[in-house]
Amino acid sequence: MKRHQNIFSLLVSGIAILLASAALANEISVVAAVDQNETSLENPINLSVTVSGTQSSPQPQLPPLPDFRVQSAGTSSSVQIINMKMSSSVTFSYRLDPLKAGTFVIQPITLTLDGKTHSTE
């Protein structure tokens, strides 16, 4: 029985080390997407900011959006292990309610993680 406990402990420790090293090896990327490019004053735009390569992330810094009322719509996270390769991401969702008609561009969204600044393109 003791031998089985030792093997189980070694297996769990090995998996934990593998997952930790895989997490450290991931590159951080920040990607933003909207659910629609055109809307009316009555319909909000949903903005998603996905931070890949981490299991936890601080809130991204949105640029000034004076033409929208911005509301947080929640946060979700995902971890996948496929063929012993781990990938993870955190997605921040926002609701943008237009305050006036026009054409608008969302400037880069930034995020500082572990002392490095990452941004959307």
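These notebook entries record what I looked up in the predicted model.

**Basis.** I worked with a predicted model, in which local features need pLDDT of at least 70 and side-chain atom pairs count only at pLDDT 80 or more, while totals for chains, interfaces and linings use all residues. I numbered residues from 1 along each chain as its sequence is written, and side-chain values use heavy atoms, with hydrogens and water left out.

**Entry 1: the sheet.** I looked up the strand order and found four strands in an open sheet, β1-β2-β4-β3, with antiparallel pairing. The edge strands, each pairing on one side only, are β1 (29-34) and β3 (68-82). I averaged the turn of neighbouring strands in this sheet, direction ignored, and obtained 20 degrees. Strands here are DSSP runs (E, at least two residues), numbered from the N terminus, and two of them pair if DSSP finds at least two bridges between them. For the angles, axes are lines fitted to C-alpha atoms, and values run from 0 to 180 degrees between N-to-C directions.

**Entry 2: β1 against β2.** I counted six bridges in the antiparallel pairing of β1 with β2 (residues 45-52). In this register, S29 stands opposite S52 of β2.

**Entry 3: the largest pocket.** I found about 480 Å³ of space in the largest pocket. A pocket is an open set of points on a 1 Å grid over the protein atoms alone, where a 1.4 Å probe fits, with protein on both sides within 12 Å along at least five of seven lines; lining residues have an atom within 4 Å of a point. The volume is the space filled by probe spheres set on the points, which are joined across faces, edges and corners.

I listed 26 lining residues, with Q36, N37, I45, F68 and F104 nearest the centre. Two or more lining residues come from each of β1, β2 and β4 (85-98), and β1 gives the largest share, three residues. By class, I recorded 15 nonpolar, eight polar and three charged residues in the lining. Ala, Val, Leu, Ile, Met, Phe, Trp, Tyr, Cys and Pro count as nonpolar, Asp, Glu, Lys and Arg as charged, and the others, Gly among them, as polar.

**Entry 4: positive phi.** Where does N83 lie? I placed N83 in the loop between β3 and β4; its phi is near 55 degrees, a positive value in a residue other than glycine. N83 is exposed (over 50% relative accessible area, 1.4 Å probe, protein chains only), at 76%.

I then noted D114, in the loop between β5 (110-113) and β6 (116-119). Phi of D114 is also positive, near 55 degrees, and D114 is exposed at 77% relative accessibility.

Key: Buried means under 20% relative accessible area, exposed over 50%, partly exposed in between (1.4 Å probe, protein chains only).
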